[in-house]
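Here is a short tour of how some helices pack and how the chain is divided. Please keep the viewer open as you read.

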Amino acid sequence: MLCIDNPYIEPYFNQAVEEYLLKNSDENIFMLWRNDNAIIVGKHQNTLAEINVDNVKERDIKVVRRLTGGGAVFHDLGNLNYTFIMGYGEEGAKVDFKKYNQPIIDVLAGLGVKAHFSGRNDILIDEQKFSGNAEHIYHQKQRVLHHGTLLYASNVKDISDALKVNPLKFEGKARKSVVSRVTNISSHLKDDIGVEAFRQEVMMHITKLYPDAEPYTLTETDKREIQELADEKYSQWHWNFGYSPKYGLKKGVKTLGGHVEVHLNVDKGLITDLDIFGDFFVNKDIEPLVEGLKGVEHREDAVLQKLKDLRSSAYFNNISEEELMEAFF
C-alpha cells in the first residue's frame, strides 16, 4: 500500500488528486490531506441548494463537486481528510463503509476516545458526528475510492454559516444534505495533541495495519497531470455548478422599484423556464426580456451580463440590472 501524506491544501487540486490516483494507479493507496476553506458537494447534489451563496462569496470559499455521492461538507484546516483507494477484485463491487471506518475508530480508541459507526456513513462520538464518509466504485479498473472527514478542531459556526440555505428556495429531486449535530475530536481528548500530531497517529496506525505500507510522494509528472485535471475540470463552473440535476428556484427581493419574485427552472446549468412576478411598474412588456434570458447559464456573471445586454432597466421602472440579478440566486 502506498501511503501519501499530501501537503497541499488547494481544494481544486486535492479533488483532482483523488481522481488521478483512482484512474492512473493500480496500487492500493491511503492518503491524508486537508483543504483550506472549501465546500465539497456530493456528485448528485444541486450545488446552489447546498450553500449559503452570500456567505460563500463574502468568505471566498471555494465550492467543488467530488466524485462520490452523499451530502455537502465544509473543510477548513481544522479538518483532516482521509482517502482509501483499493481494488475490490473478486469480492465484487459493493459499498462497505465499516471496512474503511474501523481504522479510524481504532486510532481514537488508542487515544482514549470511544467512537462508533452510525450504520449509514458517519462515525460518531456520544451520538455527535465528527466524520462523514462517501464512496465511489470505479468499475473500469475494479477499484473503490473511499474518503471521509475527520473534524479535529474545525470552526463549527463556519460550517453552519456556509451550509445554511433557505429550505423553501429550491425545488428538485437532488439529494439534500442532512443537518447533523457535529463535534470536534479535540473536545473529547484528555490532552489536545493538535491536528498535526493526530495526523501522525492516523498514518502510523495505517502503516502498522498494512505490512506492505510504504511512503509515496507525488512526482513532478503526477503534479503536472493533476493540475491539468484541476484546471480543466475541478475548477470549472460547468462541473461544480452546471452538473447539478434539474431544479427549480423561487426567490423574492425588495428593490427601490418594488418587490420582484423570480421563478425559474434549470437543466444542465441552463435556465429553461422563467417567470417574473411582483408589484413593480414596467415601462414596456417584459415578455421579450423573459424569453431572452432562457438558455443563459445560471451563474451570476452570466445572468448579469445578459440583463445588461437586454437593458432590463429599460423594462422595469427604477430597478437596476444588479438589483434584478439578485432575484435569480
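Helices α1 and α6 are roughly perpendicular to each other (angles of 65 to 115 degrees count as such). In this predicted model, local features need pLDDT of at least 70 and side-chain atom pairs pLDDT 80 or more, while totals for chains, interfaces and linings use all residues. Residues are numbered from 1 along each chain as its sequence is written, and side-chain values use heavy atoms, without hydrogens and water.

The crossing of α1 and α6 is right-handed (the near helix is turned clockwise from the far one by less than a right angle). Tyr 12, Phe 13 and Tyr 20 are among the α1 residues at the contact (heavy atoms within 4.5 Å), and Ile 226, Leu 229 and Tyr 234 are among those of α6. This contact has nine nonpolar, two polar and five charged residues.

A second pair to look at is α3 with α5. The two helices have their values in the table, beside those of the other pair.

| Helix pair | Axes come within | Crossing angle |
|---|---|---|
| α1 (residues 11-24) and α6 (residues 220-234) | 8 Å | roughly 115° |
| α3 (residues 97-110) and α5 (residues 195-209) | 10 Å | roughly 120° |

That angle makes α3 oblique to α5. Their crossing is right-handed. Pro 103, Ile 104, Asp 106, Val 107 and Leu 108 of α3 meet α5 residues including Phe 198, Glu 201 and His 205. By class, eight residues of this contact are nonpolar, one is polar and two are charged.

Now for the domains. An automatic or database assignment divides the protein chain into domain 1 (2-241) and domain 2 (247-327). Each of them gives 10 residues to the contact. The C-alpha centres of domain 1 and domain 2 are 37 Å apart. Between them the domains bury about 990 Å² (accessible area lost on being put together, 1.4 Å probe, summed over both), with 55% of it on carbon and sulfur atoms.

Key:
Axes fitted to C-alpha atoms, helices over the stretch in contact; angles between N-to-C directions. Helix = DSSP H or I, 4+ residues; strand = E, 2+ residues; numbered from the N terminus. Parallel < 35°, antiparallel > 145°, perpendicular 65-115°, else oblique. Nonpolar A, V, L, I, M, F, W, Y, C, P; charged D, E, K, R; others polar. Buried area = accessible area lost by both parts, 1.4 Å probe.
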